[in-house]
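Me: I have a structure in front of me and would like to learn how to read it. Could we go through it together, one question at a time?

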Amino acid sequence: MDLHLLDAEPIAEERDAIDQLLGSEAGGWTGGERTATDHHSAAGGHAARDQRHLLLPALRALQLRVGWISEGGLNYICERLTIPPADAYGVATFYALLSTTPRPPRVVHVCDDIACRTRGADRLCDELEKNVGKSGWLRSPCLGLCEQAPAAFLTEAGPEPVELLFGGATAASVARVLAGDHAPAKLPHLPLPQAGSLDLGLLRRIGIVDPSSFEDYRAHDGYKSLAKAAHLGPEGVRKEVTDARLAGRGGAAFPTGRKWDAVAQQAETERYIIANADESEPGTFKDRVVMEGDPFSVIEAMTIAGYATGAEKGYIYLRGEYPLARERLQHAIEEARSNGMLGESVHGLGVKFDIELRVGAGAYICGEETAIFNSIEGYRGEPRNKPPFPVEAGLFGKPTVVNNVETLINVLEILRVGGAKYAETGSGVSTGPRLFCLSGSVQRPGVYEVAHGTSLRDLIALAGGVAGGRELRAVLLGGAAGGFIRPEEIDMPLTFEATRAAGSTLGSGVVMLFDDQVDLVDILRRIAAFFRDESCGQCVPCRVGTVRQEEALHRILAGKPKGGMATERALLEEIGLAMKDASICGLGQTAYGAVESAIKRLGLFEQAAAS
Amino acid sequence: MFGAGGGTTSYREVEETDVIFLWGANARENHPIFFHHVLKALHRGAKLFAVDPRRTASAQWADDWLGLHVGTDIALAHAMARVIIHAGLANEEFIRRATTGYEEYRQEVEQFPLDVAERITGVPAEVIERAALTYARAGRAVICWTLGITEHHNGTDNVFALINLSLLTGHMGRYGSGLSPLRGQNNVQGGGDMGAIPNRLVGFQDWTTDADVRQRFERAWNTTLKPEYGKNLSEMFEAMEHGEIRAVYAIGENPARSEADQGRAERLIRGLDHLVVQDIFLTRTAELATVVLPASASWCEAEGTVTNSERRVQRVRKALDPPFDARDDMWIIAEIAQRLGYDWGHPTAEELWNELRTLAPMFAGMSYERLEKEGGLQWPCYDENHPGELFLHSRLWAEPRGGPPAPFMAVKHEMPVEMPDDEYPFQLTTGRRLDSYNTGVQSSGYTSPLRRGESVDMSPEDVARLGFADGERVRISSRRGSVTAPVRIDHSLRPGLVFMTFHFQDDVRTNLLTIDATDPKSGTAEFKACAVRIDPVEATVTASIA
């Protein structure tokens, strides 16, 4: 914490942006005027260092106000929070939405990731380069609006910053937005394909309830599960969740009941709940749909989680590219608070619980459960080594439950129908309903809720089959961290067990279809580039492996294998194994999955060699 | 303290304590290894208070910085004591059983209510109060200090004022609670241990008051010991002034650069009949010597032991032969003895150590074998089965109490001898930086990316008021001398206070400015406070021409 501050001064707007966040009372030792008292005293120490968690919000405030993180602005943040600028710079450069070089105030991030590529994103980028030039817009990894591909994200810095995530982007609409016309970026998001269906559990309120109304949420069974929880008591709630055999929906499928029990049994009483809403797996957008359409359900579920595990504070860690979800969640938190459903004594439960919304700034890795801790605490979002596990030492070193948004809202269903009844759907650990994100070459893209065990074929049929009735070439299951499967494998039942047995994964519920017109080679290159770009660089297998993997793919797919195809395949296999075995976190461990499945299942190299 | 000059606590206890005071100690820069132990404590949740006129790198880590006026430590400590007593937090049980002089002390500190203390020290009353209450209420608390406490004309009284706080609260003689004077070198503690001080023999034994001690040493050394103390460094210079001392044998010391009021020091050294300097560098003092004896580097060219700030005696092993004609210090001393008519032979370091173990009970159990096997031992260690002591003075808590009680000392607050006035309006305080060491003898031969050379560091307010530019060369003058140095803006300073180091004596002879106001009890000069004026270099030139 030895402060070696920069000489650079903040401009008025930068100072104002930070003061609005941190309060205008800057002391003589924290960026304000020195007074006589400052000559003889200074508070600091733990109180100052405990503010570290405000670093990312402060950096975001600066970015949103002036469009980039200048030296002067960074220095002012560091003075206010007593963080060494070198350290804060390391954090600022970690996030893609933060820029430490000047950026124009208005920037459109255009998704060129896999789902959007099936809908012409690469053509869109080519046109933008031709018509708009290279400034004002940036290529972006998956923005989580795959059902409306191609997607784009506007950020406009200023006193009243604007952030808009929009779909159906064209070169013309992006150009209009860049010219200051927000209209094309304000198109409403597509409705839920299954909206109104009586079969729905998790999604039953979406499209029906007013997401900004506490009363309307209550009128649609809102807070009934919480009342049930109050009746059951903390242990009773955990028992229902355990009986339901609920498994995490973020990708790892860990038993939620066990996680909650572990936290509830810790001696340390300062505990946290984190809703992992950093939904960044390419092709995943289910949590966004839930948060935009039914934000109170997330609040209610977190409150129940806090009650069941003895945590008094919850954080929602939301990816920075979801402005509508942010707005609605923030509103829902405030509404819940003013209606006594959050705060010193939650109505009905009689315990303290409150929620804080934290917004990321463009980093896939921050969805990793321990990277979230570092990101919230104000450090680079690098995953931590385990053990210690989050249930023992998570956020701020305290016992922490990290649950995916979908996992959390399943708890409402479990309490609504009862754990045992819930577990009657599906089998094994694959119980209850499941959300799937259908995108790519599908007729009706969107989020679908089906029971575990539904076959992939039926799910695709539910979404209207392949777009335009064309021929299915491959399905990407589970996202970039998942793998491809062949059209003849789609009778596979969608359960954790069945997909695992078939050497695949449900992952985060991505079902991305590729028809015969999609350039799969191009998709694979994009996946490799994605992992190379999103590797946090902390551990060698992943940092080096993702680069070597991409290089090898480029050589092979360009028809210039080094030392022959067999040598390249062996090399890829070896890199993949090293990443899988030796990476600290899931990113490196799964970075070879899609490539491997493309080679082994789709025979992509043979095709590349043939073409 | 209470008879033996050493910190009462261990590094491990500092790591596991609840409250740490760094009082007149910028450990982040000057005791960086020790500060790592402090950091471990902070990461565990311990609170840190930094008492220092400057908001140093250490103070930046502190929960509270108490930016007192230079030399007002006693007033601050007394005010804290008064707060503690009035809050009913004095450890009366401990005071009754283990101390003396409490009533007199209580009356003395009663004169320092918070408003008076705030006026004297400058530190806001509520900060003093918070520091006092936090210290008194802590389960464990350690006070560390260094030269900010001792380099004053009343340095010993300053130390007493801190000891008083530990006695008042019972933060003494228990695991994790105590007092720790930080040592600035690997073996400052060892120097005292070995009797390289004028008033104690090895193991802090007083031969003037203890007949047993005297007989033991006289028998072992087959000699008669004069029944009076030797002279401390300041007294030696006084004796030189009077012509009483005419020859000096200086081993590993550079007084021509390290003494306050350097003009006087150098004049006295030059006036000696005979000066022998034994050193590994040709220091400025060595340049003035009649004879220079090139010695060995004790950390790599000699066998022996060192003692660190937690009283841990550790083995040092010889890795290299000294270069050229440089010789082992023990060899040189034995040869000189030989020439003076005493044949000591050439004992090995271990033989000397074993002789010492028979003379100083506190080292008796420390064989070389044990020191090596157990990674050093903390004194006292009375026999081969004694594990050494993690912390001192647990005897004060024993039932019945072991040894004599610990005395409160009702010391008086006094301002520094030379305060700023119209003619010399700034207060100069001196210290050290991370990248350099003392007079630069050991560090100036190496480059450091942090080192920026000497400067006079001033508050941004003063620099603006005087119209100086950052980096502008100015003249700094005291009643004793004058030097020039570039100005550097330093936010850790307040108006009226300026800071210099004594690292670059060949460029900027800072100790020409400092005052030789010496603490009669310790012999240490008031390096931390003197009055100076600061003028533009051009103006000075013009004035002298006129």
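Me: Is N222(B) buried or exposed?
Reply: Happy to help! This is a predicted model, in which local features need pLDDT of at least 70 and side-chain atom pairs count only at pLDDT 80 or more, while totals for chains, interfaces and linings use all residues. Residues are numbered from 1 along each chain as its sequence is written, and chains are lettered from A and ligands numbered from 1 in the order in which they are written. A residue is buried if 20 or more other C-beta atoms, placed from the backbone, lie within 10 Å of its own, exposed if 12 or fewer, and partly exposed in between. N222(B) has 7 C-beta neighbours inside 10 Å, so N222(B) is exposed.

Me: Where in chain B is N222(B), and what is its phi?
Reply: Helices (H or I, at least four residues) and strands (E, at least two) are DSSP runs, numbered from the N terminus. N222(B) sits in the loop between α12 (211-221) and α13 (233-242) of chain B. Most residues other than glycine have a negative phi. N222(B) is not a glycine, yet its phi is positive, at about 50°.

Me: Is T82(A) buried or exposed?
Reply: T82(A) lies in the loop between α4 (71-81) and α5 (85-92) of chain A, and T82(A) has a positive phi, near 50°. Within 10 Å there are 22 other C-beta atoms, so T82(A) is buried.

Me: Which residue does a cis peptide bond join to A149(A)?
Reply: Most peptide bonds are trans. Here omega is about 0°. The partner lies in the loop between β3 (137-140) and β4 (152-156) of chain A, and is P150(A).

Me: Which residue follows W379(B) across a cis peptide bond?
Reply: Omega of this bond is near 0°. The residue in question belongs to the loop between β12 and β13 (406-407) of chain B. The bond runs from W379(B) to P380(B).

Me: How many residues of chain B are in contact with chain A?
Reply: Two residues are in contact if their C-beta atoms, placed from the backbone, lie within 7 Å. By that rule, 13 residues of chain A touch chain B, and on the chain B side the number is 18.

Me: Which residue of β3(B) stands opposite A42(A)?
Reply: Two strands pair if DSSP finds at least two bridges between them. Strand β1(A) and strand β3 (residues 64-66) of chain B run antiparallel and are joined by 3 bridges. Opposite A42(A) in β3(B) is W65(B).

Me: Which strands stand at the edges of the open sheet β10-β11-β12 in chain B?
Reply: The order of this sheet of 3 strands is β10-β11-β12, with antiparallel pairing. Each edge strand has a single partner, so one side of each is left without a neighbour in the sheet; these strands are β10 (304-307) and β12 (377-378).

Me: What is the radius of gyration of chain A?
Reply: This value is taken over C-alpha atoms, and the globule rule is 2.2 Å times the number of residues to the power 0.38. For 611 residues, a compact globule would come out near 25 Å, and chain A agrees with that, at 24 Å.

Me: What percentage of the residues of chain A count as buried?
Reply: Chain A has 25 helices and 16 strands. Its C-alpha atoms fill a box of roughly 80 × 60 × 45 Å along the principal axes. Of its 611 residues, the buried share is 54%.
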